[in-house]
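Got a few minutes to walk through a fold with me? Pull up the viewer and we'll take it one question at a time.

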Amino acid sequence: TMAELSEAGSITIGTKFDQPGFGLENLEGEVEGFDVEVAKIIAGALGIAPEDITFEQTPSAVREEVLEGGEVDMVVATYTINDKRKEVIDFAGPYYVAGQDIMVAADDDSIAGVDDLAGKRVCSVQGSTSVENIRTMAPEAELTEYDVYSKCADDLRNGRVDAVSTDNVILVGLISESEGAFKLVGNPFTEEPYGIGVKKGDDE
């Protein structure tokens, strides 16, 4: 695969378009962030220039799907390596280790950790390890699920949910754009090793 991509001189990479700091579409319509830079480094090692990369928007719920369907050559999208996903795709990495945490309104001191989520309205994203962790570790939380985290942030801002839970680095990105409206609880309760998703069996 790598030889074919190198020869073709182009690559299609799945990433997030709504996560400040990792993969965010800017006003010029270009996607930027840490995952995007990692993707460019890999492409560069194959002799593929940044302008020859096509970035496809790849929300959490469809990451395996687009790899299996061959719509993308790899996925670099805050993608936690776990055994369930390894059944259908392969991973390179980890290249970063995050931890799941909680984001709340800046004036909310009622939530100090995952144990305080019982009875609270919590938002996370479909197809993410974060949503599974909340189901397991805070089963009495009232869960709202969207396709992207920016919708969770909107709900928190409008008071429709009490908390948003996902990896701390994703939350920090959302907080940085919230103009002081949100804060991080700062009490991570998991380890999330980020890997690069590739098609099953594509070990080379």
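What follows is a chat between a visitor and a guide.

Visitor: Before we start, what kind of model is this, and how are residues numbered?
Guide: This is a predicted model, where local features need pLDDT of at least 70, side-chain atom pairs count only at pLDDT 80 or more, and totals for chains, interfaces and linings use all residues. Side-chain values use heavy atoms, with hydrogens and water left out, and residues are numbered from 1 along each chain as its sequence is written.

Visitor: In the open sheet of three strands, which strands stand at the edges?
Guide: Helices (H or I, at least four residues) and strands (E, at least two) are DSSP runs, numbered from the N terminus, and two strands pair if DSSP finds at least two bridges between them. The sheet has the order 2-3-4, with antiparallel pairing. Each edge strand has a single partner, so one side of it is left without a neighbour in the sheet; the edges are strand 2 (18–19) and strand 4 (31–32).

Visitor: Which residue stands opposite L24 in strand 4?
Guide: Strand 3 covers residues 23–25 and is joined to strand 4 by two bridges, the two running antiparallel. Across from L24 in strand 4 you'll find E32.

Visitor: Which cysteines are joined by a disulfide?
Guide: A disulfide here is a pair of cysteine sulfur atoms within 2.5 Å, and the count comes to one. The S to S distance is 2.1 Å, and the joined residues are C123 and C152.

Visitor: Is that disulfide left-handed or right-handed, and how far apart in sequence are the parts it ties together?
Guide: The torsion about the S-S bond of C123 and C152 is about -70 degrees, so the disulfide is left-handed. C123 lies in strand 9 (residues 121–125) and C152 in helix 6 (residues 149–157), so the parts tied together are apart in sequence by 29 residues.

Visitor: Are C123 and C152 buried or exposed?
Guide: The scale is relative accessible area with a 1.4 Å probe, protein chains only: under 20% is buried, over 50% is exposed, and in between is partly exposed. By that scale, both C123 and C152 are buried.

Visitor: On to charges: which residue forms a salt bridge with R135?
Guide: A salt bridge means a side-chain nitrogen of Lys or Arg within 4 Å of a carboxyl oxygen of Asp or Glu, and the structure holds nine. R135 lies in helix 5 (residues 129–137), while its partner lies in strand 10 (residues 142–146). The closest N and O atoms are 2.5 Å apart, and the partner is E145.

Visitor: Which residues make up the network of salt bridges that includes R135?
Guide: R135 is partly exposed at 40% relative accessibility, and E145 is partly exposed at 28%. The linked residues are E132, R135 and E145.

Visitor: In the D155 and R160 salt bridge, which side is buried?
Guide: The two side chains meet at 2.8 Å, N to O. R160 is partly exposed, with a relative accessible area of 47%. The buried one, at 4%, is D155.

Visitor: Which helix gives the most residues to the largest nonpolar core?
Guide: A nonpolar core is a set of buried Ala, Val, Leu, Ile, Met, Phe, Trp, Tyr and Cys residues joined through side-chain atoms within 4.5 Å. This one has 18 residues, and L174 is among those that touch the most other members. Strand 9, helix 6 and helix 7 (168–176) each give two or more residues. The most, five residues, come from helix 7.

Visitor: How buried is I11, and what is its relative accessibility?
Guide: I11 is found in strand 1 (residues 11–15). Contact means heavy atoms within 4.5 Å, and beyond its neighbours within four places in sequence I11 is in contact with residues including L5, A43, I48 and M74. I11 counts as buried, with a relative accessibility of 2%.

Visitor: Last one: what kind of aromatic pair do Y79 and F91 form?
Guide: Rings of Phe, Tyr and Trp (its six-membered ring) pair if their centres lie within 6.5 Å; planes under 30 degrees apart are stacked, over 60 edge-to-face and the rest tilted. The structure holds seven aromatic pairs. For Y79 and F91, the centres are 5.0 Å apart with 75 degrees between the planes, which is edge-to-face.
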